[in-house]
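Trainee: I'd like to learn how to read a protein model. Could you take me through one?

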Amino acid sequence: MIRSRLLSSLALLLSGCVGAQGGYPSLAKRPIEGAPVAQPAPVLAPPLAADPALTQEVARYAAQAQAGQSAFDARLADADRAGRAAAGAGVSSEAWVVAQQAISALEQARNDSVSALASLDVLYVARANAVADGKAAGGMEAIDAARGAALAIVDAQNDRIDALKARLAQP
């Protein structure tokens, strides 16, 4: 009994494999599969303009970063001279102490640049949250551009200070 059911089921299954006229379908690519697909051009929305208060705040921080750069540049020559004079001098020598004081004054002079960068970072995060919450629109590009400029100023100042410190003996 079980044998006859098994044979009839097997015969039924195998009959589905035999009936195709003209053979099996080809696995080769069809002409449509190789044709290039046209991609629609992405639609970019123009950046939203920032409100005037935000624009004014960003400009104020950008000016503050520039003021820090000017103050830094005004003290850089003195710090450079002191660093050259102290190159090779021992820790706590008169020349070394003078160079350390000049570097400290240089770091203090750049305070406006560092403060402006920090303020732009805070402003960027606050604006991004406001945009995400639907409370504000636009302005991110202006903040990001000002932040990038301030970051470049601070990075260049860091590099100069590091180069001055590298000349001096370390305690």
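Mentor: Sure, we'll go through a helix, a buried residue and some charged pairs. This is a predicted model, so local features need pLDDT of at least 70, side-chain atom pairs count only at pLDDT 80 or more, and totals for chains, interfaces and linings use all residues. Residues are numbered from 1 along each chain as its sequence is written, and side-chain values use heavy atoms, with hydrogens and water left out.

Trainee: What span should the 16 residues of helix H4 have?

Mentor: Helices are DSSP runs of H or I with at least four residues, numbered from the N terminus. The expected span is 1.5 Å times one less than the number of residues. For H4, residues 94–109, that gives 22 Å, and the end C-alpha atoms are 23 Å apart, which agrees.

Trainee: Which residues of H4 are buried?

Mentor: Buried means under 20% relative accessible area, exposed means over 50%, and partly exposed is in between (1.4 Å probe, protein chains only). In H4 the buried ones include Trp-96, Ile-103 and Leu-106. H4's buried residues pack against helices H3 (52–86), H5 (111–132) and H6 (140–167).

Trainee: Is Asp-80 buried or exposed?

Mentor: Asp-80 is in helix H3, and its relative accessible area of 18% makes it buried. Contact means heavy atoms within 4.5 Å. Setting aside neighbours within four places in sequence, Asp-80 is in contact with Leu-164 and Arg-167.

Trainee: How many salt bridges does the structure hold?

Mentor: A salt bridge is a side-chain nitrogen of Lys or Arg within 4 Å of a carboxyl oxygen of Asp or Glu. The structure holds seven. One of them joins Arg-81 and Asp-78, at 2.4 Å from N to O.

Trainee: How far apart are Arg-81 and Asp-78 along helix H3?

Mentor: An α-helix has 3.6 residues a turn, so residues three or four places apart point the same way. Arg-81 and Asp-78 are three residues apart in H3, so about one helical turn separates them. Arg-81 is exposed at 53%, while Asp-78 is partly exposed at 45%.

Trainee: Which parts does the salt bridge of Glu-107 and Lys-165 tie together?

Mentor: Their side chains meet at 3.1 Å, N to O. Glu-107 lies in helix H4 and Lys-165 in helix H6, so the pair ties together parts 58 residues apart in sequence. Glu-107 is partly exposed at 30%, and Lys-165 is partly exposed at 33%.

Conventions. Helix = DSSP H or I, 4+ residues; strand = E, 2+ residues; numbered from the N terminus.
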